[in-house]
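Student: I would like to learn how to read a structure like this one step by step. Could we begin with single residues and then go on to helices and rings?

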Amino acid sequence: MKELRIRVLAGVFVVAGVLSWAGARLWNSVGTLPSVPLAAPVVLALIAVILLATALSLRARLKAQRERVPGAKGVDPMMAARAVVFAQASALVAALVAGMYGGTGVFLLEYLDIPARRDQSIYAGLSVVAGLGVIAAAVFMERVCKLPEDEDDDHPGAATAA
């Protein structure tokens with residue numbers, strides 16, 4: 001499984017932000033801009049908390065397994081793989097959503113004198129922060145579930161044991 005690249009996430013964030021900013025400008029000139037829901041930062045923060053709790057639980061279980069603690073509950077490799085896939089998918093979606101709300105929030109900065117638009121810009125900013133929290137928790141989860149490097153992989157010419 002390929003490791004999540006921060007450059008890809010940053011690229012998704014920037015492209016989504018620019019497209020969202022341009023779309024918000026266009027939409028506002030045609031009619032009314034859709035509002036940023038209050039639930040957006042709440043849901044993103046909830047996903048970040050779930051990812052972080054899962055990563056901390058897996059880290060503790062893996063540590064107990066490595067130290068051979070009696071009665072320690074091991075980690076099923078398939079569960080760890082599913083957790084990594086969930087983390088990577090969450091990070092990509094969070095980068096997209098945070099970029100989208102970031103672009104909308106930048107557009108809304110022009111209208112801070114209107115109370116409703118000010119609230120929308122606050123919700124958009126909180127969504128960006130919560131999206132970055134999801135990305136951070138996902139990267140942490142990926143690091144927790146990463147397998148130790150195999151020494152033979154670094155030396156392709158090394159003889160294999162028979």
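Tutor: Let us start with valine 75, which lies in the loop between H2 and H3; please keep in mind throughout that this is a predicted model.

Student: Is valine 75 buried or exposed?

Tutor: The relative accessible area is what we read here, and buried means under 20%. Valine 75 has a relative accessible area of 12%, so this residue counts as buried. If we then look for serine 127, which is 52 residues away from valine 75 along the chain, we find that the C-alpha atoms of the two are separated by 33 Å.

Student: Which other residue could I look at in the loop between H2 and H3?

Tutor: You could take arginine 68, which is also found in the loop between H2 and H3. For the opposite label the cut-off is over 50%, and arginine 68, with a relative accessible area of 74%, is therefore exposed. From arginine 68 to valine 93 there are 25 residues in sequence, while their C-alpha atoms are 37 Å apart in space.

Student: How do I read a residue that sits in a helix, and what are the values for leucine 46?

Tutor: The reading works with the same cut-off, over 50% for exposed. Leucine 46 has its place in helix H2, and because its relative accessible area is 52%, leucine 46 is exposed. Leucine 46 and valine 134 are 88 residues apart in sequence, and the distance between them in space is 8.8 Å, C-alpha to C-alpha. In helix H4 you can find valine 129, which counts as exposed because its relative accessibility is 55%. Valine 129 and arginine 82 are separated by 47 residues in sequence and by 25 Å in space, again from C-alpha to C-alpha.

Student: How should I describe two helices that pack together, and what is the angle between H3 and H4?

Tutor: Two packed helices are described by the angle between their axes and by the distance between the axes. Helix H3, residues 77-108, packs with helix H4, residues 115-144, at an angle of about 155°, and their axes are 8 Å apart. Because angles over 145 degrees count as roughly antiparallel, H3 is roughly antiparallel to H4. The crossing in which H3 passes H4 is left-handed, and the residues of the contact of H3 with H4 comprise 16 nonpolar, eight polar and two charged ones.

Student: At what angle do H2 and H4 cross?

Tutor: The axes of helix H2, residues 39-66, and H4 cross at roughly 15° and come within 8 Å, and H2 and H4 are therefore roughly parallel to each other. H2 passes H4 in a crossing that is left-handed, and in the contact of H2 with H4 the residues divide into 21 nonpolar, four polar and one charged.

Student: What remains to be said about H2 and H3?

Tutor: Their axes come within 11 Å, and H2 and H3 cross at roughly 155°, so that these two helices are roughly antiparallel to each other. The crossing of H2 and H3 is left-handed.

Student: How many aromatic pairs does a search of the whole structure find?

Tutor: A pair of aromatic rings is described by the distance of the centres and the angle of the planes. In the whole structure the search finds one aromatic pair. A ring can also have a charge over it, and here arginine 117 lies over the face of tyrosine 111, at 5.1 Å from the ring centre.

Terms used
Residues numbered from 1 in each chain as written. Predicted model: local features only at pLDDT ≥ 70, side-chain atom pairs only at ≥ 80, totals over all residues. Heavy atoms only, no water. Phe/Tyr/Trp six-rings, centres within 6.5 Å; stacked < 30°, edge-to-face > 60°. Lys NZ or Arg CZ within 6 Å of the ring centre and 35° of its normal. Axes fitted to C-alpha atoms, helices over the stretch in contact; angles between N-to-C directions. Helix = DSSP H or I, 4+ residues; strand = E, 2+ residues; numbered from the N terminus. Parallel < 35°, antiparallel > 145°, perpendicular 65-115°, else oblique. Left-handed = near helix turned anticlockwise from the far one by under 90°. Nonpolar A, V, L, I, M, F, W, Y, C, P; charged D, E, K, R; others polar. Buried < 20%, exposed > 50% of the residue type's maximum accessible area, 1.4 Å probe, protein only.
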